[in-house]
Amino acid sequence: MEAIFKIEPKEFNEELFQRLKKLFEGKTVTIAISTEMDETDYLMANSANRKHLLENMVQESTVRFTPEKFDKHFEKLVKDS
């Protein structure tokens with residue numbers, strides 16, 4: 001049997017371990033703990049991807065809005081969709 005649990009560290013508690021003990025009673029278990037990379041970390045982990053992404057970011061033009069202009073632009077986008 002294999003089970004994968006995706007949980008937050010704050011959920012590590014005695015109750016969790018007691019449930020696991022009950023679930024796997026009489027069996028030997030292997031516990032492996034890993035974290036998931038977010039998409040940005042994953043893409044930036046490869047040097048070729050990182051270089052490509054950074055070069056493209058530099059080439060993008062910057063658009064600046066006042067809060068009022070942003071609200072108007074957002075309302076127009078929502079209305080048009």
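This section describes the overall form of the protein chain, one of its helices and three of its residues. The model is predicted.

The protein chain contains 4 helices and 0 strands. Read from the N terminus, its elements follow the order α-α-α-α. The radius of gyration is 23 Å, well over the 12 Å that the globule rule gives for 81 residues, so the chain is more spread out than a compact globule. Along the principal axes, the C-alpha atoms fill a box of roughly 65 × 35 × 20 Å.

Burial was computed over the whole chain. Of the 81 residues, 2% are buried, where buried denotes a relative accessible area under 20%. The exposed surface of the protein chain comes to about 8500 Å², and 55% of this area is supplied by carbon and sulfur atoms. As to charge, the protein chain carries 13 positive and 16 negative charges. The mean positions of these two sets are 2 Å apart.

Helix α4 covers residues 67–80 and has 14 residues. At 1.5 Å a residue, this helix should span 20 Å. Its end C-alpha atoms are 20 Å apart, which agrees with that expectation. The number of buried residues among the 14 of α4 is 0, so the helix lies largely in the open.

Helix α1 is formed by residues 14–23 and includes Leu-16. The relative accessible area of Leu-16 is 19%; because this value is under the 20% cut-off, the residue counts as buried. When neighbours within four places in sequence are left aside, the contacts of Leu-16 are with Ile-7 and Glu-11.

Helix α3, which comprises residues 47–59, holds Leu-53. Glu-55 is found in α3 as well. Leu-53 has a relative accessibility of 29% and is therefore classed as partly exposed, since that class lies between the limits of 20% and 50%. Glu-55, with a relative accessible area of 40%, is also partly exposed.

Contacts and distances were computed for these positions in α3. Leaving aside neighbours within four places in sequence, Leu-53 is in contact with Leu-43 and Met-44. Between Leu-53 and Thr-40 the C-alpha to C-alpha distance is 10.0 Å, at a separation of 13 residues in sequence. For Glu-55 and Glu-36, which are 19 residues apart in sequence, the corresponding C-alpha to C-alpha distance is 26 Å.

Notes: Residues numbered from 1 in each chain as written. Predicted model: local features only at pLDDT ≥ 70, side-chain atom pairs only at ≥ 80, totals over all residues. Heavy atoms only, no water. Helix = DSSP H or I, 4+ residues; strand = E, 2+ residues; numbered from the N terminus. Expected span 1.5 Å × (residues − 1). Buried < 20%, exposed > 50% of the residue type's maximum accessible area, 1.4 Å probe, protein only. Rg over C-alpha atoms; globule rule 2.2 N^0.38 Å. Areas by Shrake-Rupley, 256 points an atom, 1.4 Å probe, with all protein chains shown as cover. Lys, Arg positive; Asp, Glu negative; His and termini not counted. Charge placed at Lys NZ, Arg CZ, Asp CG, Glu CD. Contact = heavy atoms within 4.5 Å.
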